[in-house]
Amino acid sequence: MKIRCPRCGTENVVDQKAAAYYYNHRIHSYFNDLSGTILDLGCGGGFLSRYLMDNKRIKVIYGLDQDEACNDQLTDMTVLSKFQFLHSDIAQLSKVFAEQTLDFLVSRDVFMFIEDTDRYFDDVTNLVTSGIRQMGWFISQNERMKNQLTPEQIVEEYRKRGWNVYLEPLEWYKSGYFIRADRQ
Ligand SMILES: C[S@@+](CC[C@H](N)C(=O)[O-])C[C@H]1O[C@@H](n2cnc3c(N)ncnc32)[C@H](O)[C@@H]1O
């Protein structure tokens, strides 16, 4: 497999393990400026949460997912008081958390599965006090997607609700984007 250096443009041949390490490291680098209480929305097997566990400024991580089987993949973390798995649907967010009780929300490859996006934007605006870090992909008319909001439309929805938003297209992440939303 070949990976192009983003700084000098040189193409380097790397094995699969090295490529995965490079790729994961690059994803994780977008989730460094966090602290306090975190919600990992649609946590899955804990790809983001597992990385965040080492961040000393983070006190608690809630991993929320509709798939109860995630619990089995997260047992190494649920034994630690810093991480808690919540079996719930994103549509129930406002019932699971009280208003303004989360410092940051993180998600990767989850937004496209949200059906009621208006409810999502309203809920996270009520629950999250500092910032949102959202990575995902958008492929128009992809049959797996439960909504068709483009990254630009997602940004607009956050802005309408008073968030200060930055959007970065990710050319190295298939049809990918990263959104950072902070309080004004
Ligand atoms: C592609 S996986 C990403 C998992 C993880 N964020 C990661 O980076 O590896 C999407 C996850 O979102 C969860 N999910 C999708 N729709 C959901 C919903 N409505 N409520 C809660 N979780 C949901 C799925 O169960 C799945 O674990």
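Domain bounds, as I use the term here, come from an automatic or database domain assignment, and on that footing the C-alpha centres of domain 1 and domain 2 lie 24 Å apart. I should say at once that what you have in front of you is a predicted model.

Let me stay with the two domains for a moment. Domain 1 covers residues 1–31, while domain 2 runs over 35–183. Where they touch, five residues of domain 1 and nine residues of domain 2 make up the contact, and the domain 1 side of that contact, sorted by class, consists of three nonpolar residues, one polar and one charged.

Turning to the protein as a whole, its secondary structure amounts to seven helices and nine strands. The radius of gyration is 17 Å, close to the 16 Å that the globule rule gives for 184 residues, so the protein is as compact as a globular protein of that length. In terms of extent, the C-alpha trace spans about 50 × 40 × 35 Å along its principal axes. Of the 184 residues, 26% count as buried, and if we take the contacts with a separation of 6 or more, 55% of them are between residues 24 or more positions apart.

That brings me to the ligand, and to what surrounds it. Which residues come nearest to the ligand? Of the 14 residues around it, they are G42, G44, F47, Q66 and R108. As for the character of the shell around the ligand, its residues divide into six that are nonpolar, three that are polar and five that are charged.

Conventions
Residues numbered from 1 in each chain as written. Predicted model: local features only at pLDDT ≥ 70, side-chain atom pairs only at ≥ 80, totals over all residues. Contact = placed C-beta atoms within 7 Å. Nonpolar A, V, L, I, M, F, W, Y, C, P; charged D, E, K, R; others polar. Near = placed C-beta within 6 Å. Helix = DSSP H or I, 4+ residues; strand = E, 2+ residues; numbered from the N terminus. Rg over C-alpha atoms; globule rule 2.2 N^0.38 Å. Buried ≥ 20, exposed ≤ 12 C-beta atoms within 10 Å, placed from the backbone.
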